[in-house]
Amino acid sequence: VSDWNVVILFRALKQSAWAVVLAILGTLLIKLITVVSTGLFMLQNVYMKDVPTTLMTQASFDAAGFDGSKVDGTAAMVVAGAWWLNLPYPLGSTDRYAFQPFTTSDKKLGGTQLLRYYLDKRLTTFPGADAVISGTVDMFSADLECDVGTVANWTSGCSTQMCEYDELNITLSTPSCSKYPFTSFQRSSSSVGGYYADVFTATCTDTDTADSLNDTRLIFAAAHWSENSTKIQALVCSPTYTISQGAVSLLYGNQSVASIQSSNNSSNSTIPGFEGIELGTGLVSSLSLAENTLDTLNYVDTTTHSLTTYQYNLSNPNSTYPSAFYLVANLTSPHAMTDLLDASILEKVSRPTFNAMAAQIARQYLLSSADGNFAGTYSAHTQRVVVRELSVRIMEATLAVLVILTAALWVCRPTRCTSRDPGTIAGLASILSRSPKVSERLIGCKNAQDLATNLVDGRFYTRVTDNDGWRTFGIEEDQKA
């Protein structure tokens with residue numbers, strides 16, 4: 001803004017030259033609008049939530065060709081890695097569920113649909129790896145229906161021809177079957193015993209219960225087996241599972257689970273031809289193949305709450321010999337081996353570990369490749385050009401005042417005015433050529449100070465004269481000044 005605008009504004013106010021005042025105020029307001037408009041637009045990071053898009057499933061649940069006895073050690077080791085090393089679960093699974101993995105059917109994360117949806121808001125970029133895609137898919141969850149087993153009989157004896165190892169043979173009974181015989185723990189013949197815990201399968205051999213005959217169950221057993229006494233605690237469990245609809249949200253970048261929730265309103269179903277006990281068979285198979293690796297795991301010492309390496313003492317009857325299953329279970333549910341002789345603690349420790357490993361078995365063996373589109377949503381941060389409300393309000397008020405000033409200037413406009421713009425050199429020279437008195441005063445002026453000195457004692461006015469039909473604009477000097 002030129003300082004002359006301010007100087008002339010105050011001079012015009014003193015002399016009540018309202019046309020000049022209005023013109024300068026209008027000029028200043030136009031400058032203000034120009035300044036304010038520079039902050040009118042800004043690039044803002046906006047979070048868009050639940051934008052509709054099309055998602056695509058990558059697999060569906062199918063048990064064709066499943067054989068529980070051929071399950072490898074991956075399921076057990078995945079759970080151990082997640083609980084011990086905080087490794088992420090594989091795509092399509094959590095510690096509780098296996099679900100249909102899915103992604104967007106558009107590599108740009110539904111960019112076309114999003115552009116249409118936000119076109120009026122001037123969307124500038126598409127969401128990236130931080131976006132969360134959400135949809136409702138089929139979810140697999142396993143559980144246990146357990147009875148506390150009563151020890152009907154137990155015996156111990158050699159398990160090898162040379163008696164290098166002894167074995168503990170147990171027969172359990174439940175309300176539904178009185179005979180679940182199985183071979184449980186083994187120990188070195190040079191060992192005095194200790195605390196043991198493991199998972200087994202057993203088949204009902206009670207001919208008096210036709211409904212349960214040949215039914216196989218999963219056995220979670222713990223024992224204090226020593227030379228002087230033997231105490232056994234066991235759960236006889238029937239593995240179950242359901243397929244239900246659930247809401248799953250995945251991070252688009254690495255497809256890790258952001259949230260997962262089972263729907264209470266959906267109906268549960270099962271996989272045709274797949275029985276829950278097959279999960280038990282697969283669990284035992286996975287543990288047996290992962291045993292050598294999992295034996296290297298540390299355990300959580302319940303007294304110090306720190307990770308400790310198991311120390312086996314064959315001469316100590318209170319030494320502990322946990323199996324691979326309970327080594328993993330200890331990572332998330334720290335417990336002393338002696339506590340497992342309590343049926344409620346045994347179930348509390350065993351259930352979440354079984355659920356997690358069963359979910360991994362389902363992810364690995366019960367999901368087969370299958371594509372299908374379904375409606376979903378996603379949420380993401382994106383940059384968008386937005387209009388600052390304050391700038392808009394200031395511009396609106398300024399324009400309203402400018403309109404009023406323009407109307408006032410139209411009313412107050414001078415009847416005599418210069419016929420051309422005096423701001424140019426040609427225009428100023430033309431005016432001075434028709435203003436001899438002023439030109440005489442300006443002769444010899446070299447700078448602004450000379451101009452002020454020569455003009456300070458004069459009074460001037462503008463006049464339009466008519467010479468032979470030509471109207472001429474000039475500046476005259478008032479002789480009375």
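# A tour of salt bridges, disulfides and paired strands

Begin by selecting Arg463 and Glu476, whose side chains meet in a salt bridge with an N to O distance of 3.3 Å. In this predicted model, Arg463 lies in strand β15 (residues 460–467) and Glu476 in strand β16, so the pair ties together parts of the chain that are 13 residues apart in sequence. If you colour by accessibility, Arg463 comes out as partly exposed, with a relative accessible area of 34%, whereas Glu476 is buried at 17%.

Stay on β16 and move to Glu477, which forms a salt bridge with Arg441 at 2.7 Å, again N to O. This pair links distant parts of the chain, since Arg441 sits in helix α10 (residues 436–442) and Glu477 in strand β16 (residues 470–477), 36 residues apart. Glu477 counts as buried, at 16% relative accessibility.

Next, select Asp143 and Arg351, whose side chains meet in a salt bridge of 2.6 Å, N to O. Asp143 belongs to strand β4 and Arg351 to helix α7 (residues 343–365), so this pair ties together parts that are 208 residues apart in sequence. Both ends can be reached from outside to some degree: Asp143 is partly exposed at 28% relative accessibility, and Arg351 is partly exposed at 21%. Adding Glu347 to the selection completes a network, in which salt bridges that share partners join Asp143, Glu347 and Arg351. Across the whole structure, a search finds eight salt bridges, including the ones visited here.

**Disulfides**

Strand β4 also leads to the cysteines. How many disulfides does a search of the whole structure find? There are three, and a convenient one to show next joins Cys146 to Cys237, with the sulfur atoms 2.0 Å apart. Cys146 is in strand β4 (residues 132–158) and Cys237 in strand β9 (residues 230–251), so far along the chain from each other that 91 residues separate them. The link is right-handed, with 110° about the S-S bond. Its two ends differ in burial: Cys146 counts as partly exposed at 22% relative accessibility, whereas Cys237 is buried at 0%.

Now select Cys158 and Cys163, which form a disulfide with their sulfur atoms 1.7 Å apart. The torsion about this S-S bond is about 100°, so the disulfide is right-handed. Cys158 is partly exposed, with a relative accessible area of 41%, and Cys163 is partly exposed as well, at 28%.

The remaining stop among the disulfides is the bond between Cys177 and Cys204, at 1.9 Å from S to S. Cys177 lies in strand β6 (residues 177–188) and Cys204 in the loop between β7 (193–203) and β8 (216–226), so the pair ties together parts that are 27 residues apart in sequence. Here the torsion about the S-S bond is about 95°, so this disulfide too is right-handed. Are Cys177 and Cys204 buried or exposed? Both of them are buried. With the bonded cysteines of the chain numbered in sequence order, the pairing reads 1-6, 2-3, 4-5.

**Strands β1, β3 and β14**

Turn now to strand β1 (residues 41–61), which pairs with β14 in the antiparallel sense over 18 bridges. To see one of these positions, select Phe41, whose bridge partner in β14 is Val387. Strand β1 also pairs with strand β3 (residues 102–104), antiparallel and over three bridges, and at one of these positions Thr57 stands opposite Phe102 in β3.

Then select Leu367, which is in strand β14 (residues 367–387). Which residues is Leu367 in contact with, leaving aside its neighbours within four places in sequence? They are Ala59, Ser60, Phe61, Phe99, Pro101 and Ala362. Of these, Phe61 is 306 residues away from Leu367 in sequence, yet the two C-alpha atoms are 4.6 Å apart in space. Leu367 is buried, with a relative accessible area of 16%, because that value falls under the 20% cut-off.

**A nonpolar patch on the surface**

Finish by selecting Trp4, Val7, Ile8 and Val20, which form a nonpolar patch on the surface with about 340 Å² of accessible area together. Helix α1 (residues 3–14) supplies the largest share of this patch, three residues. Val20, in contrast, is in helix α2 (residues 18–37), and at 34% relative accessibility Val20 counts as partly exposed.

Note on methods
Residues numbered from 1 in each chain as written. Predicted model: local features only at pLDDT ≥ 70, side-chain atom pairs only at ≥ 80, totals over all residues. Heavy atoms only, no water. Helix = DSSP H or I, 4+ residues; strand = E, 2+ residues; numbered from the N terminus. Buried < 20%, exposed > 50% of the residue type's maximum accessible area, 1.4 Å probe, protein only. Contact = heavy atoms within 4.5 Å. Disulfide = S-S within 2.5 Å. Patch = residues over 30% accessible without salt bridge, like charges linked within 9 Å, V, L, I, M, F, W, Y side chains within 5 Å. Areas by Shrake-Rupley, 256 points an atom, 1.4 Å probe, with all protein chains shown as cover. Salt bridge = Lys/Arg side-chain N within 4 Å of Asp/Glu carboxyl O. Pairing = 2+ DSSP bridges.
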